[in-house]
Amino acid sequence: MALTVVKTSALSGTITNAQLAGSIDLTSKVTGTLPTGNGGTGATSFAPGKVLQALGTSDNTKRSTSSTSFVDITGLSIAITPSSTSSKIYCICTIKGVASDNSTTDAINFKLVRDSTLISEATNITYGNNDQLNLTYPVVALDSPSSTSELTYKMQFSSRLANSSSINNTAPHDRSEIVVMEIGA
Amino acid sequence: MTNLDKFWKAIMIVKANVELTVNGDITSQEDFNNNIIWTTGTTVQNGDTATTTTTNPHSEITWTAVKAEMDKL
C-alpha cells in the first residue's frame, strides 16, 4: 500500500514553485497587509474608484444672442445615463470668450439645466464693463438626479438688455467645453 | 468692426430690441435663413426660458434690409 506524506508545518522564507504544488486559495489562505515598501498600498481594505463614467464635448462656433429669456447654447449639451439612482453627476462647464455689447449696463446670463430642471444660474456677467473682455466663465455643479434614465445637461444664455451677448468670441477664446462625470455613492 | 458686429448693429436698426440667437456668422441669405433662432416668447418653465422658432416671424426683417444697413456701416 502506497503511503503519502503531507507536510503540515508552516512554510517560511522564499516559497518555491514546488512547494506551492498548485494554487493558493486567496479567499482564506492569505492574510496580512502588503506594505508600501513592497509595492502594496498599506491598506487593510479596498475602496474602489468613484468616477463611474466621464463624458465631455466642446464647441468652437461663436454663439451670440439678444434674447432676454434663456435659450439653449448649441454645442454645449451632453447626455448621460447614470448607472444607479444613488449616483451624483459632477458637471463642469468652461465657457470661453464671454462678451456683451459695448455698454456698461448690458450683460450676459448663464444657466446650467438638467433637461428642464435648473441646476445653476449666474446673471449679469460682464455688467459694468464696456469692453469686449473675452472672459472665461466656469460653471461647476454637483447634481443628485436620483435617476437611471438618460439625462441631458445643457448650458443656456440670455442677454440682459436685448443687445448682442456672445461666447466663443475670438481666438484663442473660442472653444467652450462641458464635462459630466457620474460619481458612485 | 467684424461682419457679425455689423450684422447685430444693422438688425437693431431695422427693428430695435428684436430677440434672436445667431450661431456662427451671417454673410449671406443662406446664413440668414439657417443660422438664426428667433425668440418669440417666454415659457413659465424656470420662469424665463425662451420659446423659439427657426422661421423668421418678423416680416420687416429681411436679409436685403439688414444687408443694406450693414453696407452703410
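Colleague: In which sense do strand β2 of chain A and β1(B) pair?

Modeller: This is a predicted model, where local features need pLDDT of at least 70, side-chain atom pairs count only at pLDDT 80 or more, and totals for chains, interfaces and linings use all residues. Residues are numbered from 1 along each chain as written, chains are lettered from A in written order, and side-chain values use heavy atoms, without hydrogens and water. Strands here are DSSP E runs of at least two residues, numbered from the N terminus, and two of them pair if DSSP finds at least two bridges between them. Residues 63-65 form β2 of chain A, and over three bridges this strand and β1(B) pair in a sense that is antiparallel.

Colleague: Okay, so which residue of β1(B) does Thr65(A) stand opposite?

Modeller: Look at β1 of chain B, which covers 20-23. The residue there that faces Thr65(A) is Thr21(B).

Colleague: How many residues does chain B bring to the contact?

Modeller: Contact means heavy atoms within 4.5 Å. Chain A puts in 23 residues, and chain B puts in 20.

Colleague: Which element supplies the largest share of chain B's side?

Modeller: α1 (3-14), β1 (20-23), β2 (36-43) and β3 (49-53) of chain B each give at least two residues to the side touching chain A. The largest share is four residues, and it comes from β1(B).

Colleague: Which side chains meet in a salt bridge?

Modeller: That's a Lys or Arg side-chain nitrogen within 4 Å of an Asp or Glu carboxyl oxygen. The count between the two chains is one. With N to O at 2.5 Å, the partners are Asp48(B) and Lys111(A).
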